[in-house]
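Me: Could you give me a close look at the ligand's surroundings, and work up to that part from the start of the chain? I'd like one connected story rather than a list.

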Amino acid sequence: MTKNINLTLKVWRQKNSSAAGNFERLEAKDISTDMSFLEMLDIINEKLTLEGKEPIAFDHDCREGICGQCGSVINGRPHGPEKGTTLCQLHMRHFADGDELVIEPFRARAFKVVKDLAVDRSPLDQLIQAGGYISANTGAAPDANALPISKETAEMAFDAAACIGCGACIAACPNASAMLFIGAKVSHLNLLPQGKSEADKRTLGMVRKMDTLGFGNCTNERECEAECPKEISITNIARLNRGFIKASLFSSEK
Ligand code: SF4
Ligand code: FES
């Protein structure tokens, strides 16, 4: 049932990447529980703009849980408290009247704050450039039975391909490791015949690039898996580790 709630927000405000930031206390009044979290921020921004104040900068694009652009930390949880949900798909009915919400940007050494809640996630693009693609010309779509792939393999690759590159796994990890993101990309491509010929190059390239960009290492905390809005499994990290050891020992790609 729709109702309206009042909330107190403590929002991280930071002019740019070199300025010092601080929390600003804002009242969110008469918020419909049917609104998404981003619609609630829109309402706050409309009010701030009408008062002649600077609106809160935050990233978003599709607002449908597809693009991976949204993402802030709500009371210590990247994308907020609901499991398997992006911030744009989080609805205000999950909060109670009188709640206080602390809203912060994704924090990681590799992600600079651009402004307020918006962070620079281009290091994820650099990881993709280090191997998260297939360079072979795969031609036109083949007949479905011309390239047999087992159901189990297809499902594992498809599950990994659900990663939207939001970076919540990195914000959740105490080491700010990008291993779940890389594990998902490497699994998605290396499991399929089209990606196998570049598997070693891809695995070595992405892991080594991660080390140069300021991401930490995986120490099996599993917080990445718990906070991932697409519920990417850490079995992808185990597969990545096996692939990395094999490629380091036996590959001509060293
Ligand atoms: S693994 Fe999950 S949390 Fe990490 S970038 Fe992909 S979708 Fe986001
Ligand atoms: S705005 Fe696209 S996933 Fe949230």
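Reply: Met 1 sits in the segment ahead of strand E1 (4-13). This is a predicted model, by the way. Met 1 has a relative accessibility of 94%, so it counts as exposed. From its C-alpha to that of Glu 39 is 18 Å, with their positions 38 residues apart along the chain.

Now the overall frame. The chain has nine helices and seven strands, and its C-alpha atoms fill a box of roughly 60 × 40 × 35 Å along the principal axes. Of its 254 residues, 45% are buried. If you take contacts between residues at least 6 apart in sequence, 69% of them join residues at least 24 apart.

Met 35 and Leu 90 give you a concrete case of two loops meeting. Met 35 belongs to the loop between strand E2 (22-32) and helix H1 (37-50), while Leu 90 belongs to the loop between strand E4 (77-78) and strand E5 (100-104). Buried or exposed, what is Met 35? The cut-off for buried is under 20% relative accessible area, and Met 35 has 16%, so it counts as buried. Leu 90 is buried too, because its relative accessibility is 0%.

Leaving out residues up to four places away in sequence, Met 35 touches Met 40, Ile 43, Leu 90, His 91 and Met 92. The C-alpha atoms of Met 35 and His 91 are separated by 5.8 Å, although the two are 56 residues apart along the chain. With the same neighbours left out, the contacts of Leu 90 include Met 35, Ser 36 and Phe 37 on one stretch, and His 79, Gly 80, Pro 81, Glu 82, Thr 85 and Phe 95 as well. A long way along the sequence doesn't have to bring a C-alpha pair to that kind of distance, though: Leu 90 and Ala 28 are 62 residues apart in sequence and 16 Å apart in space.

On to the part you asked about. Which residues surround ligand 1? Cys 163, Ile 164, Gly 165, Cys 166, Gly 167, Ala 168 and Cys 169 come from one stretch of sequence; Leu 180 and Phe 181 join them, as do Cys 228, Pro 229 and Ile 232. Sorted by class, that shell has 10 nonpolar and two polar residues, and no charged ones. The space the ligand takes up is the second largest cavity. Two helices, H4 (168-172) and H5 (179-190), each put at least two residues into the shell.

Between those two helices there's a loop, and Ala 176 is in it. Its phi is near 50°, a positive value for a residue other than glycine. That's worth a glance in your viewer, given that most residues other than glycine have a negative phi. Ala 176 has a relative accessibility of 10%, so it counts as buried.

H5 itself is 12 residues long and reaches 15 Å from first C-alpha to last, close to the 16 Å expected at 1.5 Å a residue. How many of its residues are buried? It's 11 of the 12, which means the helix is largely enclosed by the rest of the structure. Among the buried ones are Leu 180 and Phe 181, the pair you just met in the ligand shell. Lys 185 and Asn 190 are also on the buried list, as are Gly 183, Ala 184 and Ser 187.

H7 (residues 199-212) is one of the elements that pack with H5: its buried residues pack against helix H2 (122-129), H5, helix H6 (193-196) and helix H9 (235-250). Those buried residues are Ala 199, Arg 202, Thr 203, Leu 204, Met 206, Val 207 and Met 210. H7 has 14 residues and spans 20 Å between its end C-alphas, close to the 20 Å expected at 1.5 Å a residue.

Just past the end of H7, Gly 214 takes a positive phi of about 95°. Then comes Arg 222, in the loop between H7 and helix H8 (223-227). Arg 222 has a positive phi as well, near 70°, and it isn't a glycine. Its relative accessible area is 46%, so Arg 222 is partly exposed.

How values were computed
Residues are numbered from 1 along each chain as its sequence is written. Chains are lettered from A and ligands numbered from 1 in the order in which they are written. This is a predicted model: local features need pLDDT of at least 70, side-chain atom pairs count only at pLDDT 80 or more; totals for chains, interfaces and linings use all residues. Side-chain values use heavy atoms; hydrogens and water are left out. A residue is near a molecule or strand if one of its heavy atoms lies within 4 Å of it. On a 1 Å grid over the protein atoms alone, a cavity is a set of points where a 1.4 Å probe fits but cannot get out, and a pocket is an open set with protein on both sides within 12 Å along at least five of seven lines; lining residues have an atom within 4 Å of a point. A molecule sits in a cavity or pocket if more than half of its atoms lie within 2 Å of its grid points. Helices (H or I, at least four residues) and strands (E, at least two) are DSSP runs, numbered from the N terminus. Ala, Val, Leu, Ile, Met, Phe, Trp, Tyr, Cys and Pro count as nonpolar, Asp, Glu, Lys and Arg as charged, and the others, Gly among them, as polar. The expected span of a helix is 1.5 Å times one less than its number of residues. Buried means under 20% relative accessible area, exposed over 50%, partly exposed in between (1.4 Å probe, protein chains only). Contact means heavy atoms within 4.5 Å.
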